[in-house]
Amino acid sequence: MSAARGMRDDIVSRYGTGGAFPAPEALLRLDIELPWRKTEYLHAVARAALDGVLDGAQLRSLETRDAMRRVQQVKGLGAFAAELVVVRGANSPDVLPAQEHRLAAEIAEQYGPEREPAEVSENWRPFRTWAALHLRVLRGERLGGAEGTGAARASGG
């Protein structure tokens, strides 16, 4: 996770604008060497964004599972990334993240280990996304370290 964070931070500082990740057009022009197939995947995501595959309004108009399946068709985006794109990138307000293990741990901490996240989150409708983010930030503040770093970034802080 820290290596991935470092690569992302390097790309943002070298090629981004105003602290943001480079726009799709800029990503397609990048000829950088990243480990594994990361450059190929970044280019695939950029192309998908430009082609409208990752359009927030379109993704929000779909059922959550359909939206995540659509995002997973982009080379390099698996279940965890698809969930982040739909929940945070497309700004879907009422999705309980299922791939976020730290959220599940925090729900167990706050509500008891015998309670299922889906059951607990029913009371959060229609803003399950934001309640989940709130719990992740609380967990980060309480535990600090890598948990805190991820939570702060997730909240935009």
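Reader: Hi! How many aromatic pairs does the structure hold?

Author: Just one aromatic pair. Keep in mind as we go that this is a predicted model.

Reader: Noted. Which rings are they, and how do their planes sit?

Author: They belong to Tyr-111 and Trp-124. The ring centres are 6.2 Å apart and the planes meet at 55°, so the pair is tilted.

Reader: Where in the chain do the two residues lie?

Author: Tyr-111 is in helix H7, which covers residues 101-111. Trp-124 is in the loop between helix H8 (117-121) and helix H9 (128-143). The two are 13 residues apart in sequence, so the pair ties those parts together.

Reader: Is Trp-124 buried or exposed? And what about Tyr-111?

Author: Trp-124 counts as buried, because its relative accessibility is 13%. Tyr-111 has 35%, so it counts as partly exposed.

Reader: Let's stay in that loop a moment. Which residues does the cis peptide bond join?

Author: Arg-125 and Pro-126, with omega at about 5°. Pro-126 lies in the loop between H8 and H9. As background, most peptide bonds are trans.

Reader: Good to know. What does Arg-125 pair with?

Author: One partner is Asp-94, in a salt bridge whose closest N and O atoms are 3.3 Å apart. Arg-125 sits in the loop between H8 and H9, while Asp-94 sits in the loop between H6 and H7, so this bridge ties together parts 31 residues apart in sequence. Arg-125 also meets Glu-122 through a side-chain salt bridge, at 2.9 Å from N to O.

Reader: How accessible are Arg-125 and Glu-122?

Author: Arg-125 has a relative accessible area of 42%, so it is partly exposed. Glu-122 also counts as partly exposed, because its value is 40%.

Reader: And which residue of helix H9 does Asp-94 link to?

Author: That is Arg-128 in helix H9, 34 residues from Asp-94, so the pair links distant parts of the chain. Their side chains form a salt bridge at 2.9 Å, N to O.

Reader: Which residues end up in one network?

Author: Asp-94, Glu-122, Arg-125 and Arg-128 are joined into one network by salt bridges that share partners. A search of the whole structure finds 13 salt bridges.

Reader: Is Arg-128 buried or exposed?

Author: Buried, because its relative accessibility is 12% and the cut-off for buried is under 20%.

Reader: What else does the Arg-128 side chain reach?

Author: It reaches the backbone oxygen of Asp-94 at 2.7 Å. If you leave aside neighbours within four places in sequence, Arg-128 is in contact with Pro-93, Asp-94, Val-95, Leu-96, Ser-121 and Glu-122.

Reader: Changing topic: what is the phi of Trp-36?

Author: Phi of Trp-36 is positive, about 55°, although this residue is not a glycine. Trp-36 lies in the loop between helix H2 (24-29) and H3. Its relative accessibility is 73%, so Trp-36 counts as exposed.

Reader: And Asn-91, what is its phi?

Author: Phi of Asn-91 is near 60°, again a positive value in a residue other than glycine. Asn-91 is in the loop between H6 and H7. With 39% relative accessibility, Asn-91 counts as partly exposed. In general, most residues other than glycine have a negative phi.

Reader: Now the interior. Which residues of the largest nonpolar core touch the most other members?

Author: Leu-54, Leu-59, Met-68, Val-71, Val-74 and Val-86 do, in a core of 14 residues. Helix H3 (38-50), helix H5 (64-72) and helix H6 (79-89) are the elements that give two or more residues to this core.

Reader: What does Val-86 touch?

Author: Not counting residues up to four places away in sequence, Val-86 touches Thr-64, Ala-67, Met-68, Val-71, Asn-91 and Ser-92. That list includes Asn-91, the residue with the positive phi we just discussed.

Reader: Which residues belong to the second core?

Author: Leu-96, Leu-103, Ile-107 and Val-120 are among them, in a separate core of eight residues. Leu-96 also appeared earlier, as one of the contacts of Arg-128.

Reader: Great, thanks for the tour!

Author: Happy to help!

Notes
Residues numbered from 1 in each chain as written. Predicted model: local features only at pLDDT ≥ 70, side-chain atom pairs only at ≥ 80, totals over all residues. Heavy atoms only, no water. Core = buried A, V, L, I, M, F, W, Y, C linked by side-chain atoms within 4.5 Å. Buried < 20%, exposed > 50% of the residue type's maximum accessible area, 1.4 Å probe, protein only. Helix = DSSP H or I, 4+ residues; strand = E, 2+ residues; numbered from the N terminus. Contact = heavy atoms within 4.5 Å. Phe/Tyr/Trp six-rings, centres within 6.5 Å; stacked < 30°, edge-to-face > 60°. Polar contact = N/O pair within 3.5 Å; in protein donor to acceptor, adjacent residues only side chain to side chain. Salt bridge = Lys/Arg side-chain N within 4 Å of Asp/Glu carboxyl O.
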